[in-house]
Amino acid sequence: MLYAIISEDVTNSLPLRIPARPAHLERVQKLVDEGRLIIAGPHPSIDSNDPGQAGFTGSLIIAEFESMTAAQVWADADPYVKAGVYQKVVVKPFKQVMPS
């Protein structure tokens, strides 16, 4: 089943994000390699694809996991969680309707 992992950053998270980013992306790339990732990316703090020093307010990952528990365990082990980037992470089941 698909699950949405919706993460909310702490205020001024960019200095925490930068050093943790390679490890974070490596984990997400494993989902890609396994054919389980639907979409992933950050939420810019401003209306721009490149927010610069404004940074980001959170992230979204939609991927396939065996269960809600497996998705939660995966989300809890994210390097951004360990680095203190995220203040809140919500995992929800997701039903893709479009594109089909």
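Contact here means heavy atoms within 4.5 Å of one another, and with that cut-off in mind the packing of helix 2 can be followed through this predicted model. The buried residues of helix 2, which spans residues 68-76, are Ala-71, Trp-74 and Ala-75. Because these residues cover an arc of only 100 degrees around the axis, they lie on the same side of helix 2. An α-helix has 3.6 residues a turn, so residues three or four places apart point the same way. From their side of the helix, the buried residues pack against strand 1 (2-9), helix 1, strand 3, helix 3 (79-82) and strand 4 (86-94), whereas the face turned away from the buried side carries the exposed residues Thr-69 and Val-73.

Helix 1 and strand 3 appear again around the largest pocket, where helix 1 (14-33), strand 2 (37-44) and strand 3 (56-64) each supply at least two residues of the lining. About 270 Å³ of space lies in this pocket, and of the 14 residues that line it, Arg-17, Arg-21, Leu-25, Pro-42 and Tyr-80 lie nearest its centre. Helix 1 gives the largest share of the lining, seven residues, and the lining as a whole divides into nine nonpolar, three polar and two charged residues.

Two features of the backbone remain. Most residues other than glycine have a negative phi, and most peptide bonds are trans. Asn-12, in the loop between strand 1 and helix 1, has a positive phi near 55 degrees, and this residue counts as exposed because its relative accessibility is 66%. In the segment after strand 4 lies Pro-99, and the peptide bond from Met-98 to Pro-99 is cis, with omega near -10 degrees.

Methods
Residues numbered from 1 in each chain as written. Predicted model: local features only at pLDDT ≥ 70, side-chain atom pairs only at ≥ 80, totals over all residues. Heavy atoms only, no water. 1 Å grid on protein atoms, 1.4 Å probe; cavity = no way out; pocket = protein on both sides within 12 Å on 5 of 7 lines; lining within 4 Å. Points joined across faces, edges and corners; volume = space filled by probe spheres on them. Helix = DSSP H or I, 4+ residues; strand = E, 2+ residues; numbered from the N terminus. Nonpolar A, V, L, I, M, F, W, Y, C, P; charged D, E, K, R; others polar. Buried < 20%, exposed > 50% of the residue type's maximum accessible area, 1.4 Å probe, protein only. Arc of directions from axis to C-beta.
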